[in-house]
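Thanks, everyone. Let me put the structure up, and then we'll walk through it together.

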Amino acid sequence: MKTTGWRSLVLYILGAGLLAGLIFFVVTFFLDGGSWAMRSNNQHLSQGSQLGGAGSITDRDGVVVAHSEDGQRIYADDATTREALLHVVGDTAGFISTSTQAAFRSQLTGYNPVMGVGSLKNNQNGSNIQLTVSSSLSRLALESLGGKNGAVALYNYRTGEVLCMVSSPTFDPQNPPADLDSDETGKYDGVYLNRVLSSTFTPGSIFKIVTSAAAIENLPDIQSRTFHCSGKITVNGREITCETAHGDISFQDGLARSCNIVFAELAMELGGDIMTQTAASMGFGSVFYVDDNPTAKSQYDVSQATEDELAWSGIGQHTDLVNPAHMLILMGAIANDGVPVMPYTIAQVTNSLGIVTRTGQAEQGPRLVQESTAAVLQSMLRYNVTGDYGDSMFPGMSVCAKTGTAEVNGKQPHGWIVGFSQNEDTPFAFAVVVEEGGYGRTSAGNIASALMQAAASSIS
């Protein structure tokens, strides 16, 4: 009897394990079956890993940017538009994993857990997707990059709608170049990566926004301080230089004139712990999501830094790295008194029966900046424009911004600008980086200026 009891117990355990496994499989099947079915190695379903028949994708104005005809994927009529929207819409093979055609492949092809996949050739069941992005603004952004690599993003920080998200290098998905995967010149390095979402860059002086926040929150007399810049200081035998000898300079003017000495001294005074805590509270080391796509983590690490390295970190150098989408979200947070509305690119998904199955909507993210700190940063970033860049750069929009010129070993500097408009009619935030673009004020600044003016005149 004792042996029989043990055998029964074993059978019960095995049965319970089998039941648990079956339940897990069924739940996972319903949740992830679409991604299983649409994997590129299921070539009998996806036509040799190429997306053929699928629903249409339109931009915010209803312009068709991708659709299917006779089992072939067709993209926008204009070649520049196709290239500008590549990383948002996606390539036919699905190599750009964060794109609409990759991330929403099962919806576009009409997969459901009961019927599976319909006819991929005729697309009998696929959903149609409307994006929040503007094809005309995207085209302008790519043209403004002028052949340079980089990332350009602009969104409505009140609603969360991404109006422009452009990454370069790019290519024409309608006519992919023959040497796309074999080119040895580096022309297409990282072409399948959406630099807005999935890359990080040395920030240069845009990081001074973080150092400013740390000073505002931890140095009670910071607004009345006067610093002295003679063009350089020496820390641990290493020179920290500034482009101009500013002489006596206030905290506010230090940010507006991007004085390296002011922010090197602040980083050293604040110390690594406070700098790290402030960076973390502002989203460094965190993953954010745009639709269902994770962003790369921005990085700030001075755990092993010497005093001179800590000083350089406060300027946005050392090992500092930032993700453009994170900077876009941070600008939205500052504009929204410290709490961002999270960006999204999918306005609506409509199935073959005309039923809307997904709608983009404004969702608050985590607080990134204290409300009182955000108010001070708004004032300082606004002063950067009125007192240095000039309102003519963004006419009629009351823009708050910070430029950056990030030194990169062995290369020309990356040019940056981040900011937002305080005008209620143009609630847009932006982040622009131009790889090896030189001064951020001219390279990235000119792109942001053109894009914001176009958005103000065309987006309601």
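How many bridges join strand 1 to strand 2, and which way do the two strands run? There are two bridges, and the strands run antiparallel. Keep in mind that this is a predicted model.

Find strand 1 at residues 57–58 and strand 2 at residues 64–69. I57 stands opposite A66 in strand 2. Five residues sit between the strands of this hairpin. Look at G62 there: it takes a positive phi near 85°.

Now move on to strand 3, residues 72–75. Four bridges tie strand 3 to strand 2, again antiparallel. S68 faces R73 across that pairing. This hairpin has two residues between its strands. D70 takes a positive phi here, near 50°.

Next, the five-stranded sheet. It is open, and its order is 6-5-17-16-15. The pairing is antiparallel. Which strands stand at the edges? Strand 6, residues 162–168, and strand 15, residues 399–406. Each has a single partner strand, so one side of each has no neighbour in the sheet. On average, neighbouring strands are turned by 5° against each other, direction ignored.

Zoom in on strand 15. Eight bridges join it to strand 16, residues 414–421. One pair to look for is K402 with its bridge partner V418 in strand 16.

What lies across these strands? Helix 13, residues 324–335, lies across strand 5, strand 16 and strand 17. Helix 13 runs at about 150° to strand 17. Helix 15, residues 443–458, packs on the sheet too. Helix 15 touches strand 5, strand 6, strand 15, strand 16 and strand 17. Its direction also makes about 150° with that of strand 17.

Last topic: cavities. How many of 30 Å³ or more does a search of the whole structure find? Three. The largest has a volume of about 80 Å³. Its lining has 15 residues, and the closest to its centre are T98, T100, D291, N293 and T345. Helix 4 (86–89) and helix 5 (100–103) each give two or more residues to that lining. The lining divides into seven nonpolar, seven polar and one charged.

The second largest cavity holds about 40 Å³ of space. Its lining includes V65, Y75, R82, L86 and P173. That lining divides into seven nonpolar, one polar and one charged. V65 and Y75 bring us back to our starting point: V65 lies within strand 2, and Y75 within strand 3.

Methods
Residues are numbered from 1 along each chain as its sequence is written. This is a predicted model: local features need pLDDT of at least 70, side-chain atom pairs count only at pLDDT 80 or more; totals for chains, interfaces and linings use all residues. Side-chain values use heavy atoms; hydrogens and water are left out. On a 1 Å grid over the protein atoms alone, a cavity is a set of points where a 1.4 Å probe fits but cannot get out, and a pocket is an open set with protein on both sides within 12 Å along at least five of seven lines; lining residues have an atom within 4 Å of a point. Grid points are joined across faces, edges and corners, and a volume is the space filled by probe spheres set on the points. Ala, Val, Leu, Ile, Met, Phe, Trp, Tyr, Cys and Pro count as nonpolar, Asp, Glu, Lys and Arg as charged, and the others, Gly among them, as polar. Two strands pair if DSSP finds at least two bridges between them. Axes are lines fitted to C-alpha atoms, for helices over the stretch in contact, and angles run from 0 to 180 degrees between N-to-C directions. Contact means heavy atoms within 4.5 Å.
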